Amino acid sequence: MIMALFSFAVVLWDLLWFRWWSLLSPKLQTMQDNWIFKKKYITMCEHYFNEYGNKTMLISKFLPIRSIIPLVAWVIMKPFVPFLLQSILSAILWVGSLLWISYFIIWLIPEAANHIGLLTFLFVVLPQVVSVWYMILPMMRKYEARLVQASDNLHHIAQEVSVIW
């Protein structure tokens, strides 16, 4: 019962994202690159879809990109019925694997049953946090390089000023 309910929720979530992206898709087609949206990301996901075909929905459930797959499916004009069937299958496999892993951990460590929130965090939230971190990391490095350059410039200016005095 729990597996059916969670799988239904995952499929419903995919359908809501699919519908949401279908409303935004015309705007995304003409949108210019900015700090959060880059057309190369859509191209990369489209390449991923084309390379892995029908396995994409299944593979994406286990990766932090699971929220963007409905967008890419809409942008590349994936038919709705195959999208729905793949969403159902991938939701059942993803939820089933998470429940099985949780059951196995609780079987190994009975005390873990008192920490369901931690298990949820480890299997669902943490991969999302890691993906956001890897998205932000290049921006941080770029600004860090600018700060180092600015610091070097200030140091150079300070040296010139000290030579003058």
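## Nonpolar cores

In this predicted model, the largest nonpolar core is made up of eight residues, namely Phe18, Cys45, Phe49, Met57, Ile69, Val72, Ala73 and Phe83. Two elements, α2 (39-52) and α4 (69-75), each give two or more residues to this core, and the largest share, three residues, comes from α4. A second, separate core holds six residues, among them Ala91, Trp94, Val95 and Leu98. As a general background to such groupings, nonpolar side chains in soluble globular proteins tend to be buried together.

Phe83, one of the residues of the largest core, can be followed further through its contacts. When residues up to four places away in sequence are not counted, Phe83 touches Asp14, Leu15, Phe18, Met57, Pro70, Ala73 and Lys78. Among these partners, Phe18, Met57 and Ala73 are also listed as members of the largest core.

## Nonpolar surface patch

On the surface, Ile2, Met3, Leu5, Phe6, Phe80, Val81, Leu85, Ile88, Ile92 and Leu99 make a nonpolar patch of about 890 Å². The elements that give two or more residues to this patch are α1 (2-30) and α5 (80-108), with the largest share, six residues, coming from α5.

Leu99, a member of the patch, is found in helix α5. Is Leu99 buried or exposed, or does it lie in between? Its relative accessibility is 31%, and Leu99 therefore counts as partly exposed, since that class lies between the cut-offs of under 20% for buried and over 50% for exposed.

## Residue pairs distant in sequence

Trp20 is found in helix α1, and with a relative accessibility of 47% this residue counts as partly exposed. Trp20 and Pro70 are 50 residues apart in sequence, while their C-alpha atoms are 9.0 Å apart in space; Pro70 is also one of the residues that Phe83 touches.

Pro127 has its place in helix α6 and is likewise partly exposed, its relative accessible area being 24%. The C-alpha atoms of Pro127 and Phe62 are 9.1 Å apart in space, whereas the two residues are 65 apart in sequence.

## Confidence of the prediction

The chain has a mean pLDDT of 76, and 80% of its residues reach 70 or more. Confidence is highest in α5, at a mean of 84, and lowest in helix α6 (residues 116-164), at a mean of 70. For the features described above, this places Leu99 in the helix of highest confidence and Pro127 in the helix of lowest confidence.

Key: Residues are numbered from 1 along each chain as its sequence is written. Side-chain values use heavy atoms; hydrogens and water are left out. Patches are made of residues with over 30% relative accessible area and no salt bridge: like charges are joined within 9 Å, nonpolar side chains (Val, Leu, Ile, Met, Phe, Trp, Tyr) within 5 Å. Accessible areas come from the Shrake-Rupley method with a 1.4 Å probe; for residues, only the protein chains shown count as cover. A salt bridge is a side-chain nitrogen of Lys or Arg within 4 Å of a carboxyl oxygen of Asp or Glu. Helices (H or I, at least four residues) and strands (E, at least two) are DSSP runs, numbered from the N terminus. Buried means under 20% relative accessible area, exposed over 50%, partly exposed in between (1.4 Å probe, protein chains only). pLDDT is the predictor's confidence in each residue, from 0 to 100. A nonpolar core is a set of buried Ala, Val, Leu, Ile, Met, Phe, Trp, Tyr and Cys residues joined through side-chain atoms within 4.5 Å. Contact means heavy atoms within 4.5 Å.
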